[in-house]
Amino acid sequence: MKLIALLCLAVAVSATGEQRELILLPIAPSVTHCGYNSRYDTRLLAYNHAEVPGRLCVTDCTELGAKRAVELEGEHAGDLPLPLFLSVPTRDISSLHLSLVIESSQRDHPEQRSFTEIPVVRASDFRSGMTTFMGVRMDPDFRQTVRIFGLDPKAHAQLLMRVFSLDSSELLHECIHDLWPLPDDGHLRPSFGMECDMSEHIPADGQKVRIEIAPVTPGLKYWTFMSITNNVTQHFYTVLPSEPHRAP
């Protein structure tokens with residue numbers, strides 16, 4: 001099943017009054033050729049573990065049989081992995097398992113590939129306050145990428161990013177990041193902003209840092225994550241925001 005079917009039906013309430021929830025794929029099913037001679041092949045596995053049929057809404061709502069799965073593959077999408085919103089009937093969310101996996105490799109050595117699963121995010125997981133990445137390691141020969149997604153697809157917004165030394169709390173870098181609506185290509189996508197490589201601002205000398213991101217635009221709902229990528233193999237791992245400890 002190709003990504004051609006994944007068009008914008010992601011609305012809170014459908015024309016028939018059915019309640020639906022937006023689901024963010026931080027990277028849509030696709031094949032992309034990026035910098036450093038890299039290749040990323042992203043696939044989405046959707047599995048309905050209920051005893052009754054469920055639905056995954058794309059251009060139309062596609063029925064998923066009970067205890068059945070489909071895999072969504074993408075076609076070549078250029079040199080920038082783009083995010084995508086899906087829409088799922090609220091009544092089916094608890095029965096639907098979504099797994100988004102990226103196969104990464106260097107184009108000259110496809111046999112040396114690696115696989116990483118990245119989060120699939122519900123609209124209710126978007127936040128409005130500060131986000132903190134704790135203990136990010138600035139290793140040489142790696143690039144530290146921050147991706148930020150806005151819940152409102154059509155709104156421009158800004159956030160403040162500040163980077164501190166984990167050891168001394170010294171402010172190492174701060175800047176404003178913009179979230180911009182993506183071009184209208186028939187898909188429903190979040191607004192999007194990206195810091196491609198933190199080592200352009202912070203020395204990649206093995207130090208660990210704390211990264212804080214906070215909205216400047218009032219009312220902004222956003223979600224963010226980081227990827228740490230080896231500049232030779234193109235293999236990567238993800239870093240998710242830290243959650244504060246809450247006493248029981």
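Start by selecting β17 and β18: these two strands form a hairpin with five residues between them. In the turn, pick out Q234, which has a positive phi of about 70°. The model on screen is a predicted one.

Next, show residues 222-230 for strand β17 and residues 236-239 for strand β18. The two strands run antiparallel and are joined by four bridges. To see how they line up, select T229 in sequence and look across to F236 in β18, which stands opposite.

Now zoom out to the whole chain. Colouring by secondary structure will show 18 strands and zero helices. The chain has 248 residues, and buried residues make up 46% of them. Among contacts between residues at least 6 apart in sequence, 74% join residues at least 24 apart.

From here, go to the largest pocket, whose volume is about 340 Å³. Select C34, Y40, R143, R147 and M194: of the 22 residues lining this pocket, these are the closest to its centre. Then colour β2, β3 (38-48), β12 (142-150) and β17, the elements that give two or more residues each to the lining. Strand β17 from the opening hairpin therefore appears again here, among the elements of the pocket lining. By class, the lining has 12 nonpolar, six polar and four charged residues.

Stay with β12 and select T145, which is placed in that strand. Is T145 buried or exposed? Its relative accessible area is 5%, and the limit for buried is under 20%, so T145 is buried. Display the side chain of T145 and follow it to the backbone oxygen of C196, which it reaches at 2.6 Å. Then show the surroundings: leaving aside neighbours within four places in sequence, T145 is in contact with M194, E195, C196, F225, M226 and S227. One of these, M194, was also among the residues closest to the pocket centre.

The last stop is S30, in strand β2, which covers residues 30-34. S30 has a relative accessibility of 5% and therefore counts as buried. Which backbone oxygen does the side chain of S30 reach? Select A28: its backbone oxygen lies at 2.9 Å from the side chain of S30. Finally, add Y40, D41, T42, G74, E75 and A77, the residues in contact with S30 once its neighbours within four places in sequence are left aside. Y40 is a contact of S30 and also one of the residues closest to the centre of the largest pocket.

Conventions
Residues are numbered from 1 along each chain as its sequence is written. This is a predicted model: local features need pLDDT of at least 70, side-chain atom pairs count only at pLDDT 80 or more; totals for chains, interfaces and linings use all residues. Side-chain values use heavy atoms; hydrogens and water are left out. Buried means under 20% relative accessible area, exposed over 50%, partly exposed in between (1.4 Å probe, protein chains only). A polar contact is a pair of N or O atoms within 3.5 Å; within protein, one must be able to donate a hydrogen and the other to accept it, and residues adjacent in sequence count only if both atoms are side-chain atoms. Contact means heavy atoms within 4.5 Å. Two strands pair if DSSP finds at least two bridges between them. On a 1 Å grid over the protein atoms alone, a cavity is a set of points where a 1.4 Å probe fits but cannot get out, and a pocket is an open set with protein on both sides within 12 Å along at least five of seven lines; lining residues have an atom within 4 Å of a point. Grid points are joined across faces, edges and corners, and a volume is the space filled by probe spheres set on the points. Ala, Val, Leu, Ile, Met, Phe, Trp, Tyr, Cys and Pro count as nonpolar, Asp, Glu, Lys and Arg as charged, and the others, Gly among them, as polar.
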